[in-house]
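Dear colleague,

Please find below the structure that I am passing on to you, together with its sequence. My findings follow directly after it, and I should be grateful if you would read them with the model open.

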Amino acid sequence: MKKLFTLFLLIILTSCNQEIASNSISSTTSSTSEEINNEQYWDVSNVDISHIDKENRLICFTFDDGPISNTAKELLDVFDNFNKKYASEGFTAHGTFFYKGINVIEENKSIIERAIESNFQIGNHTVNHKHLENLSSQEINEEISGTLNSLNSFVGINETLVRLPFGTYNDLVLENVNYPMINWTKGLDTLDWNGKTADEIYNTVINNLCDGGIVLMHEGFQTTINAVKKLLPALYERGYQVVTIDEYCKVREIKLERHKVYTYLGDI
């Protein structure tokens, strides 16, 4: 009888141990899968969106080719003045700067720091603005890592979204760029670099408004600054708030994937 009882206990204990082991394996597998999943997506968990009303329509302003000290200061002044005026209403505006590595230098460090303090998002526009689809894997990585290394050295930024030069890419570019790549929305390329007037830039944006739209502008042009000065209050009157890429993704609960290109955020 005792032998039978002992045998019965051994069977139960063995079964329980197997179940615990099975649960441990399952838990480990789930954790590993979650880690891999998290690595696939761009993390916006620490982005502050307390100043954004989710009921507003949101549009993303992006500025390429900086930092260009003089015009960047004036552009930031435009945003600062707008934000001071509407901050009491809980309404502020910020954009995303996509910097070129050749401009991320000591003499521009203070303007980069000011952009960050003003809650602008900093992105990577490669070192030399080359067509990445014409480069080797090593050259692509050097174009991306060069700008990132400079940003990390000056202001401690070690990961950024990427703006592809000319918006062009191939499979090799997608394979090698381990970040979400942000192009621009059809109709919202202001062509400000091509001699457009402030009114033309303004009309391009106003005539193609859409929630989740990505506007392409550039540093270095007075016409762009003048257009933004008109656009911010005009968009406010139309119920639009100007936000960074990360802010939009946090508010709308969008997960940007690494190695993918985005031209519009509203339908993700």
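By class, eleven polar residues, seven nonpolar residues and five charged residues make up the lining of the largest pocket. Please bear in mind throughout that this is a predicted model. The volume of the largest pocket is about 670 Å³. Of the 23 residues that line the largest pocket, those nearest its centre are Asn46, Val47, Phe120, Gln121 and Asp246. Two elements, β3 (121-124) and α8 (245-251), give two or more residues each to this lining.

The structure also holds one cavity of 30 Å³ or more. The space in the largest cavity amounts to about 30 Å³. Its lining consists of Thr71, Leu75, His218, Glu219, Gly220, Phe221, Thr224 and Ile225. Helices α2 and α7 each contribute at least two of these residues. By class, the lining of the largest cavity comprises four polar, three nonpolar and one charged residues.

Helix α2 deserves a separate paragraph. This helix runs over residues 69-86, and its 18 residues should span 26 Å at 1.5 Å a residue, which agrees with the 26 Å between its end C-alpha atoms. Thr71 and Leu75, both named above in the cavity lining, are among the buried residues of α2. The others are Ala72, Leu76, Val78, Phe79, Phe82, Asn83 and Tyr86. Viewed down the helix axis, the buried residues of α2 fall within an arc of 145°, so they line one face of the helix. A general point of helix geometry applies here: an α-helix has 3.6 residues a turn, so residues three or four places apart point the same way. On the other side of α2, the exposed residues are Asn70, Asn81, Lys84 and Lys85. The cover over the buried residues of α2 includes the strands β1 (57-66), β2 (96-99) and β6 (240-243), as well as the helices α3 (109-117) and α7 (222-237).

Turning to α3, its buried residues are Ile111, Ile112 and Ala115. These cover an arc of only 105° around the axis, which puts them on the same side of α3. Among the elements that cover the buried residues of α3 are α2, β2, β3 and α4 (137-155). After α3 comes Asn119, which has a positive phi, near 70°.

With kind regards

Notes:
Residues numbered from 1 in each chain as written. Predicted model: local features only at pLDDT ≥ 70, side-chain atom pairs only at ≥ 80, totals over all residues. Heavy atoms only, no water. 1 Å grid on protein atoms, 1.4 Å probe; cavity = no way out; pocket = protein on both sides within 12 Å on 5 of 7 lines; lining within 4 Å. Points joined across faces, edges and corners; volume = space filled by probe spheres on them. Helix = DSSP H or I, 4+ residues; strand = E, 2+ residues; numbered from the N terminus. Nonpolar A, V, L, I, M, F, W, Y, C, P; charged D, E, K, R; others polar. Expected span 1.5 Å × (residues − 1). Buried < 20%, exposed > 50% of the residue type's maximum accessible area, 1.4 Å probe, protein only. Arc of directions from axis to C-beta. Contact = heavy atoms within 4.5 Å.
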